[in-house]
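This report describes one protein chain. Look through its sequence and its structure before reading on.

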Amino acid sequence: MIPHYFLYDEAAPKVEPSFLHIEPIPVRSGRHNWTIRTHTHPDHHQILVISKGGGAIEVEGESWELEPPALVVIPALTIHAIRFKPGTDGHVITVAPPFLQSALDDDPELVDGFHVPARFLPHQIGGDIDLVGLFASLEHEFVWSAPSRRAAIKAYLQLLAVAVRRLLEQERARPIAFARDADTVMRFRELVEKHYRDHRPLDVYAGKLGVTTARLNACCRVTTSKSSLELINDRLLTEAKRYLLYSEMTVNEIGAALGYEDPAYFNRFFSRNVGLSPGRFRESLLPGEARAARDLTPTPTTSNGAIRSGA
């Protein structure tokens, strides 16, 4: 399954969970070879500023190139992975939604700016907003035990939220009803994260959200350009691919772990959406040497010479 972290590679927060954490990008990414593998933060938003280097971030299956200075907003529960160029610099803020909301005085226009993944590049940011300096000042307050430290951090978060809001307005990325739709999709994804293995019908999800299935589907399409069913399928496929890549489980065991009682149905679902069978997909990701070794390994057979099932 997709790992849930407070900070990458840390399952439990080292700081007060209602507060925030900020650190330079090289601190964590450098020791992971500048690659942050697929994961999600269930209870925290992340905001990144790239001041040097760059790379690419994959957000919910979509790849975004990063060119400094760049600003990235990753809401809670967003599945993402990052490949930084070696030597990339900047800062990462990890903040709990309750603290962010209190810092923004529950101003919905500012809070909504952190509900949808967003990326802003140099031509969008321009020279009017010193995001690099803003993040550096926030880090200074975070590590400096000075009087009114908490108030200062909240003040810098407010300035950051205003910058995000203005950039969103500038790009005309948020129609009037977009915030409500985004909130519905965020709550839908929270439910999917809990129940995607149960294969619940869409009307069950819609009922829990207090909307019709048609309304839920419309919200998903406006916010993500995908239908509600596609978002559920994407979550299942992401988990299936992780099992195939990182586990020794058989295809049938993976299907069962994802709630498919019929192995053939799981195979058809995966093949239809990926274009390869689960077995072929796994083989395609093996290094050349391992694939060659597998090809040379005798196929298991029964005593009468028939190929053993499940091999």
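Which residues make a nonpolar surface patch of about 280 Å²? The patch is made by Leu245, Tyr246 and Leu285. Leucine 245 is located in helix α10, which covers residues 228–246. With a relative accessible area of 41%, leucine 245 is partly exposed. The model is a predicted one.

**The chain as a whole**

The chain has 311 residues, of which 44% count as buried. Its secondary structure comes to 14 helices and nine strands. About 15,900 Å² of the chain is exposed, and carbon and sulfur atoms supply 52% of that area. Contacts can also be sorted by separation in sequence: among those between residues at least 6 apart, 71% join residues at least 24 apart.

**Helix α6**

Helix α6 runs over residues 149–170 and has 22 residues. From its first C-alpha to its last it reaches 32 Å, close to the 32 Å expected at 1.5 Å a residue. The buried residues of α6 include Ile153, Leu157, Leu160, Val164 and Leu168. Arg165 is also among the buried residues of this helix. A general rule helps in reading such a list. An α-helix has 3.6 residues a turn, so residues three or four places apart point the same way.

**Salt bridges**

The structure holds ten salt bridges. The table gives three of them, with the distance between the closest N and O atoms.

| Acidic residue | Basic residue | Closest N and O atoms |
|---|---|---|
| Glutamate 60 | Arginine 189 | 3.7 Å |
| Glutamate 239 | Arginine 197 | 3.5 Å |
| Aspartate 234 | Lysine 226 | 2.6 Å |

Consider the salt bridge between glutamate 60 and arginine 189. Glutamate 60 lies in the loop between β4 (55–59) and β5 (62–66) and arginine 189 in helix α7, so the pair ties together parts that are 129 residues apart in sequence. Glutamate 60 is partly exposed, with a relative accessible area of 23%. Arginine 189 is partly exposed as well, with a relative accessible area of 22%.

Next comes the salt bridge between glutamate 239 and arginine 197. This pair links distant parts of the chain, 42 residues apart: glutamate 239 is in helix α10, and arginine 197 is in the loop between α7 and α8 (202–209). Is glutamate 239 buried or exposed? Glutamate 239 has a relative accessible area of 0%, so it counts as buried. Arginine 197 has 25% relative accessibility and therefore counts as partly exposed. Both residues belong to a network of salt bridges that links Glu193, Arg197, Arg235 and Glu239.

In the salt bridge between lysine 226 and aspartate 234, lysine 226 is partly exposed, with a relative accessible area of 27%. Aspartate 234 counts as partly exposed at 25% relative accessibility.

**Histidine 195**

Histidine 195 lies in helix α7, which covers residues 178–195. Why does histidine 195 count as buried? Its relative accessibility is 17%, and buried means under 20%. Leaving aside neighbours within four places in sequence, histidine 195 is in contact with Arg200 and Tyr205. With arginine 200 there is a polar contact from side chain to side chain, at 3.4 Å.

Methods: Residues are numbered from 1 along each chain as its sequence is written. This is a predicted model: local features need pLDDT of at least 70, side-chain atom pairs count only at pLDDT 80 or more; totals for chains, interfaces and linings use all residues. Side-chain values use heavy atoms; hydrogens and water are left out. Helices (H or I, at least four residues) and strands (E, at least two) are DSSP runs, numbered from the N terminus. The expected span of a helix is 1.5 Å times one less than its number of residues. Buried means under 20% relative accessible area, exposed over 50%, partly exposed in between (1.4 Å probe, protein chains only). A polar contact is a pair of N or O atoms within 3.5 Å; within protein, one must be able to donate a hydrogen and the other to accept it, and residues adjacent in sequence count only if both atoms are side-chain atoms. Contact means heavy atoms within 4.5 Å. Patches are made of residues with over 30% relative accessible area and no salt bridge: like charges are joined within 9 Å, nonpolar side chains (Val, Leu, Ile, Met, Phe, Trp, Tyr) within 5 Å. Accessible areas come from the Shrake-Rupley method with a 1.4 Å probe; for residues, only the protein chains shown count as cover. A salt bridge is a side-chain nitrogen of Lys or Arg within 4 Å of a carboxyl oxygen of Asp or Glu.
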